[in-house]
Amino acid sequence: MLKEVTATRYVTPLREGGSLPGLVEADDLGLYVLKFTGAGQGRKTLVAEVVCGELARRLGLRVPGLAAVELDVLLGLGEPDSQVQELLKASGGTNLGMDFLSGALGFDPLAFPVSSEEAGRIVWFDALVNNVDRSWRNPNLLVHRGDLWLVDHGATMIWQHNWPTAETSAARPYDASDHVLAPFGPDVAAAAAELAPLVTADLLAEVTAEIPDVWLADEPGFDTPDALRHAYAAPLLARAAVIHDRIKGTE
Ligand SMILES: Nc1ncnc2c1ncn2[C@@H]1O[C@H](COP(=O)(O)OP(=O)(O)O)[C@@H](O)[C@H]1O
Ligand SMILES: [Mg+2]
């Protein structure tokens, strides 16, 4: 399970993000970027953040630490912005927090050089989880203390939105032509050789165990949260072995 904290103060909205994530302080005095369970896409976006974030970190990529953040709807009462107030009111209970990287800047491909090794690891990972949200228009990469950090994995694993067709959907190739790191000559073959063997059933069981039960309950077709955890793991296990041969647009 993720670390659990309780939100004590809503600090400010992060206006750049489409999903209106907010900055909150929690009872451990940490500052977290909060992704709300009541936001547009709902809890599946949060599950995707946990699966991808925890998997990426175990593969040696940099992602902010994650936490389950309990939110009392009373926190929204004093909010002057009605959109923020609605979001807080709809998000009582467990939300997703990410360690706030203070002073981080958005990645600018013209200003920050990336090695073909690092580009390869990130493109391979995005192909594995089918991330469509790392384009030059919207890189979702931050530069923090001279390093690249990965954020925003809500729009991954498209197959989670239709489980009966998940196997077919997950067998599709990955189109990297729009990927912000495509121009850096990503060495996907080297990344696959290094990372694919690490993506084992045991590792994926460890990763999916981090998902809070409340985001997995009552999914049609699944009797238990663990059955759904397995459904998240299976396509990733299958893709890890083959996806490097099915990446288009990086040549
Ligand atoms: N952990 C973090 N630390 C600092 N800034 C962050 C962090 N996570 C996100 N941000 C900033 O907030 C923006 C929106 O977050 P993101 O996860 O991309 O949400 P959205 O789904 O709304 O696009 C990011 O583009 C980035 O500028
Ligand atoms: Mg984003």
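**Exercise 1. State into which domains the protein of this predicted model is divided, and describe how domain 1 meets domain 2.**

Solution.

Step 1. The protein is split into domain 1, residues 3-99, and domain 2, residues 105-248. Between the C-alpha centres of domain 1 and domain 2 the distance is 21 Å.

Step 2. Contacts between the domains involve 25 residues of domain 1 and 26 residues of domain 2.

Step 3. On the side of domain 1 that touches domain 2, H1 and strand E5 (93-99) each contribute at least two residues. H1 gives the largest share of that side, namely 15 residues.

Step 4. By residue class, the side of domain 1 that touches domain 2 consists of 13 nonpolar, six polar and six charged residues.

**Exercise 2. Determine how many helices and strands the protein has, and assess how compact it is.**

Solution.

Step 1. There are seven helices and 10 strands in the protein.

Step 2. The radius of gyration is 18 Å, and the globule rule for 251 residues also gives 18 Å, so the protein is as compact as a globular protein of that length.

Step 3. Taken along the principal axes, the box filled by the C-alpha atoms is roughly 55 × 50 × 25 Å.

Step 4. Of the 251 residues, 40% are buried. Among contacts with a separation of 6 or more, 73% link residues 24 or more positions apart.

**Exercise 3. Identify the strands that pair with E1, and give the sense of each pairing.**

Solution.

Step 1. Strand E1 (residues 3-13) pairs with strand E4 (residues 66-71) in the parallel sense, over four bridges. Within this pairing, Val-5 is opposite Val-69 of E4.

Step 2. E1 also pairs with strand E2 (residues 22-26), here in the antiparallel sense and over five bridges. Tyr-10 has Val-24 of E2 as its bridge partner.

**Exercise 4. Give the strand order of the open sheet that contains E7, and name its edge strands.**

Solution.

Step 1. The order is E6-E7-E8, and these three strands pair in the antiparallel sense.

Step 2. Strand E6 (105-106) and strand E8 (147-150) are the edges, since each pairs on one side only.

Step 3. E6 is joined to strand E7 (residues 141-144) by two bridges. In this pairing Gly-106 faces Leu-142 of E7.

Step 4. Gly-106 also serves as a reference point for Asn-138: their C-alpha atoms are 9.5 Å apart, with their positions 32 residues apart along the chain. Asn-138 belongs to the loop between H3 and E7. It has 17 C-beta neighbours inside 10 Å and therefore counts as partly exposed.

**Exercise 5. Describe the largest nonpolar core and the surroundings of Tyr-32.**

Solution.

Step 1. The largest nonpolar core holds 64 residues; those touching the most other members are Tyr-32, Val-51, Val-69, Val-123, Trp-124, Ala-127 and Leu-128.

Step 2. Domain 1 and domain 2 each provide at least three residues to this core.

Step 3. Neighbours within four places in sequence are set aside for Tyr-32; its contacts are then Val-24, Ala-26, Ala-67, Val-69, Gly-97, Met-98, Asp-99 and Phe-100.

Step 4. Two of these contacts have appeared above: Val-24 as the bridge partner of Tyr-10, and Val-69 as the residue opposite Val-5.

**Exercise 6. List the buried residues of helix H7 and state what covers them.**

Solution.

Step 1. In helix H7 (residues 225-242), the buried positions are Leu-228, Arg-229, Tyr-232, Ala-233, Pro-235, Leu-236, Arg-239 and Ala-240.

Step 2. Their cover includes helix H1 (43-58), helix H3 (116-129), helix H4 (166-170) and helix H6 (201-208).

Step 3. H1 thus has a part in two settings: it helps to cover H7, and it supplies 15 residues to the side of domain 1 that touches domain 2.

**Exercise 7. Leu-29 and Asp-152 have positive phi values; decide for each whether it is buried or exposed.**

Solution.

Step 1. Phi of Leu-29, which is not a glycine, is positive at about 70 degrees. The residue sits in the loop between E2 and strand E3 (31-35).

Step 2. A residue is exposed if 12 or fewer other C-beta atoms lie within 10 Å of its own, and buried if there are 20 or more. Leu-29 has 8 such atoms, so it is exposed.

Step 3. Asp-152, likewise a residue other than glycine, has a positive phi near 65 degrees. Its place is the loop between E8 and H4.

Step 4. Asp-152 has 26 other C-beta atoms within 10 Å and is therefore buried.

Key
Residues numbered from 1 in each chain as written. Chains lettered and ligands numbered in written order. Predicted model: local features only at pLDDT ≥ 70, side-chain atom pairs only at ≥ 80, totals over all residues. Pairing = 2+ DSSP bridges. Contact = placed C-beta atoms within 7 Å. Core = buried A, V, L, I, M, F, W, Y, C linked by C-beta atoms within 7 Å. Domains from an automatic or database assignment. Nonpolar A, V, L, I, M, F, W, Y, C, P; charged D, E, K, R; others polar. Rg over C-alpha atoms; globule rule 2.2 N^0.38 Å.
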